Structure formats: structure tokens, C-alpha cells
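User: I would like to learn how to read covalent links, charge pairs and cores in a model. Can we go through them one at a time?

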Amino acid sequence: QTKGETVLRSFSIALFCLIGAAAQPASAQASRNTVMISAQVGAKSYESAGQGSCRHTPTAAIYGVPAALWMIGLTGSEDAAVKNMNLTLWKPKNGGPQQFSLSLSTGSSSHRIDVGGRGEQVGSGRASVVAAGKGGRIEVSGKDDSGKTIELVVQCPAFAGVEAEGG
């Protein structure tokens, strides 16, 4: 194999990788960043940081009601304290009650809170948002589906936009 063939092969591989990365929507690429989680579940504390998705739009709607929307997701590594976390928060602009859904899995347990929506209420709680530059912090305080107390703080360095879904 000559130097020219090696350089051409390396260039081809690099170009293929760039095309693959560019094929993802820009919003999907922009939403990936390091998400930091601090959670207290009952008497146990969990700290995790990893690649996740942080999205926000001030102009969404839920059940026809204009609302701000935040969506955060994290899938931790095999040895991470937090294995999986998904949080969706809706804050209606008409001052109506917030709606949020939290799913949190650690190495030994899973926890869920769903409040404020039209479906079955699971657990209880409140969520708040503290903006910081292009990102921010979302804090959740509540009780999960089994009555365990959950205090969760999620840090996102930046929020990407949200693409419209549904009709």
C-alpha cells in the first residue's frame, strides 16, 4: 500500500464520517451536550454527568393551551449512578397548573412522577426553571409513584430548539 492510497483511504473515511454527522438534523446535533444530575431519592444520593439532550421552546402548546416546554434526556453509562432520566416540563402561559413527567432509573430502582396532565396522576411534585445564559437548571421536588421523596437538579449548559410534532 502506498502513501497516496493510505491518505486517500483516510480522507474517504473522514469524509464518510462527516457526511454521516451532517445527515442528522442540526437541532439533534445542537441538543447533545453534557447534562449534570444531582438527585436525592429517599435517603440515597446520586450524582451523574453524561451526554444528553436539552431542548426548550417558549412557544409550544399542550391541549391547545400555549405553553413553554423543556425536554431533557440522559442515558448514563453502564457504571453511572443514574442509568436513565427523562424530564418533560410544560408551563402554560395562561398561568394554569404546570405539567411534568419525570422518569428516573438508578442501578437499583426506578421512579416516576406524572403530574398536571389529563392522564392518570402518578406521584406529586413541582418543578422550577432557573435560566443561565443559553442553558439553565431545572429543579424537581416531589414524591414518586411509591411515595419516596425525590429532589432532583438537572443542569443543561445550553438548550436547543424543539421541532413541532403532532397536529
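**Reading the links and the cores**

Analyst: Start with a charge pair. The side chains of Arg112 and Asp114 meet in a salt bridge, with 2.6 Å from N to O. Keep in mind that this model is predicted.

User: What is the general idea behind such a pair?

Analyst: Side chains of opposite charge can pair when their charged atoms come close. In this structure, a search of the whole model finds two salt bridges.

User: Are Arg112 and Asp114 buried or exposed, or partly exposed?

Analyst: They fall into separate classes once the cut-off is applied: buried means under 20% relative accessible area. Asp114 has 17%, so Asp114 is buried. Arg112 has 39% and is partly exposed.

User: Which residue forms a salt bridge with Glu139?

Analyst: Arg137 does, and the closest N and O atoms are 2.6 Å apart. Glu139 is partly exposed at 29% relative accessible area. Arg137 counts as partly exposed too, at 27%.

User: Now the covalent links. How many disulfides does the structure hold?

Analyst: The general idea: a disulfide is a covalent bond between the sulfur atoms of two cysteines. This structure holds one. Cys54 and Cys156 form it, with their sulfur atoms 2.0 Å apart. The angle about the S-S bond is -75°, and the link is left-handed.

User: Which parts does the pair tie together?

Analyst: Cys54 lies in strand E2 (residues 44-62) and Cys156 lies in strand E9 (residues 149-156), so the disulfide ties together parts that are 102 residues apart in sequence. Check burial as well. Cys54 is buried, with a relative accessible area of 0%. Cys156 also counts as buried, at 4%.

User: And the nonpolar core? Which residues touch the most other members?

Analyst: In soluble globular proteins, nonpolar side chains tend to be buried together. Here the largest nonpolar core has 27 residues. Ile37, Ile72, Met85, Phe100, Leu102 and Leu152 touch the most other members. The elements that give two or more residues to this core are strands E1 (32-41), E2, E3 (65-75), E4 (82-92), E5 (99-106), E6 (110-115), E8 (135-143) and E9.

User: What does Leu102 touch?

Analyst: Leave out residues up to four places away in sequence. Leu102 then touches Met85, Asn86, Leu87, His111, Arg112, Ile113, Asp114, Val140, Ile150 and Leu152. Note that this list includes Arg112 and Asp114, the partners in the salt bridge we began with.

User: How many residues does the other core have?

Analyst: Five, and this core lies apart from the largest one. Its members include Ile62, Ala67, Leu69 and Trp90.

Note on methods:
Residues are numbered from 1 along each chain as its sequence is written. This is a predicted model: local features need pLDDT of at least 70, side-chain atom pairs count only at pLDDT 80 or more; totals for chains, interfaces and linings use all residues. Side-chain values use heavy atoms; hydrogens and water are left out. A disulfide is a pair of cysteine sulfur atoms within 2.5 Å. Helices (H or I, at least four residues) and strands (E, at least two) are DSSP runs, numbered from the N terminus. Buried means under 20% relative accessible area, exposed over 50%, partly exposed in between (1.4 Å probe, protein chains only). A salt bridge is a side-chain nitrogen of Lys or Arg within 4 Å of a carboxyl oxygen of Asp or Glu. A nonpolar core is a set of buried Ala, Val, Leu, Ile, Met, Phe, Trp, Tyr and Cys residues joined through side-chain atoms within 4.5 Å. Contact means heavy atoms within 4.5 Å.
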